[in-house]
Amino acid sequence: KFHHLVLLARDARGYRNLMKLCSAGYTEGFYYKPRIDDEILREHREGLIGSSACLAGEIPGLLLQNQTGEAARRAGFYAELLGRGNFYLELQDHGIPEQRRVNRGILELSRTLDLPVIATNDMHYIDREDANAHDILLCIGTGKKKNEADRMRFPGEEFYLKTPEEMARIFAEVPEALARTLERS
């Protein structure tokens with residue numbers, strides 16, 4: 001089982017380590033998709049910032065499975081591995097009920113573990129109007145037709161680049177998450 005984890009370079013060393021991780025994902029961990037494990041991340045963690053990612057992330061996935069203790073353990077692991085202040089719990093809201101449930105768990109983990117939260121948006125196209133074109137590209141990429149029920153698709157039209165005003169409206173109850181998203185290391 002694999003999951004998403006967001007890793008960003010904080011500095012030049014982080015950039016070099018990110019390149020090493022990308023290469024290792026293809027050369028050492030490739031199995032249908034490039035991937036890395038905890039061991040290689042530990043070797044190349046310096047200069048990186050991480051976050052818990054979308055619903056396909058490990059921590060959100062554990063929260064969806066009601067494995068709150070394991071989600072807390074893994075969040076603590078990443079915070080310790082990357083260093084305090086270098087790991088963030090992500091809040092996302094694309095109108096998906098599971099995301100709202102995960103967000104409640106993320107906020108609880110944030111309070112319990114004293115980990116910062118950020119407000120992010122999973123973006124796959126620029127404008128809301130591009131949702132249909134994106135759906136067609138998914139069909140082309142997977143060899144499916146739009147009318148096929150059992151095919152890859154995104155739930156809704158919320159995966160576009162939202163304006164700061166839209167993000168502020170969506171995350172009005174957690175303004176600190178929006179402010180923290182704009183912080184620079």
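# Exercises on a predicted fold

Glu108 counts as partly exposed, at 39% relative accessibility, where buried means under 20% relative accessible area, exposed over 50%, and partly exposed in between (1.4 Å probe, protein chains only). The model is predicted, so local features need pLDDT of at least 70 and side-chain atom pairs count only at pLDDT 80 or more, while totals for chains, interfaces and linings use all residues. Residues are numbered from 1 along each chain as its sequence is written, and side-chain values use heavy atoms, with hydrogens and water left out.

**Exercise 1.** Find the residue with which Glu108 forms a salt bridge, and place the pair in the fold.

*Solution.* The criterion is a side-chain nitrogen of Lys or Arg within 4 Å of a carboxyl oxygen of Asp or Glu. Applied to Glu108, the rule gives Arg111 as the partner, with 3.2 Å between the closest N and O atoms. Next comes the position: both residues belong to helix α5 and are three residues apart, about one turn of the helix, helices (H or I, at least four residues) and strands (E, at least two) being DSSP runs numbered from the N terminus. Finally, Arg111 is exposed, its relative accessible area being 58%.

**Exercise 2.** Describe the salt bridges that Arg74 and Glu70 form, and say which elements hold the residues of each pair.

*Solution.* The total for the structure is 11 salt bridges. In one of them Arg74 pairs with Asp38, the closest N and O atoms lying 2.9 Å apart. Because Arg74 lies in helix α4 and Asp38 in helix α2, this pair ties together parts that are 36 residues apart in sequence. As for accessibility, Arg74 is buried at 7%, whereas Asp38, at 27%, is partly exposed. A further step widens the view, since Asp38 and Arg74 are linked with Glu58 in a network of salt bridges.

Glu70, in turn, meets Arg73 in a salt bridge of 2.7 Å, N to O, and here both partners lie in helix α4, three residues apart, about one turn of the helix. Glu70 has a relative accessible area of 28% and is partly exposed, as is Arg73 at 48%.

**Exercise 3.** Establish the volume of the largest pocket and the make-up of its lining.

*Solution.* On a 1 Å grid over the protein atoms alone, a pocket is an open set of points with protein on both sides within 12 Å along at least five of seven lines, a cavity is a set where a 1.4 Å probe fits but cannot get out, and lining residues have an atom within 4 Å of a point. The largest pocket holds about 680 Å³ of space. It is lined by 22 residues, and those closest to its centre are His3, Leu5, Pro34, Arg35 and Ile36. Two or more lining residues come from each of β1 (6-9), α1 (12-27), α2 (38-43) and α4 (68-82), with α1 giving the largest share, five residues. By residue class, the lining has 13 nonpolar, three polar and six charged members.

**Exercise 4.** Examine the second largest pocket in the manner used above.

*Solution.* Its volume is about 460 Å³. Among the 20 lining residues, His4, Cys54, Asp122, His124 and Phe154 are the closest to the centre. The lining divides into 11 nonpolar, five polar and four charged residues, where Ala, Val, Leu, Ile, Met, Phe, Trp, Tyr, Cys and Pro count as nonpolar, Asp, Glu, Lys and Arg as charged, and the others, Gly among them, as polar.

**Exercise 5.** State how many cavities of 30 Å³ or more the whole structure contains, and then characterise the setting and backbone of Ala53.

*Solution.* The search finds one such cavity, and about 50 Å³ of space lies in the largest cavity. Ala53 is one of its lining residues, which also include Cys54, Pro60, Glu90 and Gln99. Helix α5 (residues 97-113) supplies the largest share of this lining, three residues. Ala53 sits in the loop between β2 (48-51) and α3 (58-64) and is buried, with a relative accessible area of 5%.

For the backbone, the starting point is that most residues other than glycine have a negative phi. Ala53, although not a glycine, has a positive phi of about 75°. Asp114 likewise is not a glycine and has a positive phi, of about 55°; Asp114 lies in the loop between α5 and β4 and is exposed, with a relative accessible area of 65%.

Notes: Grid points are joined across faces, edges and corners, and a volume is the space filled by probe spheres set on the points.
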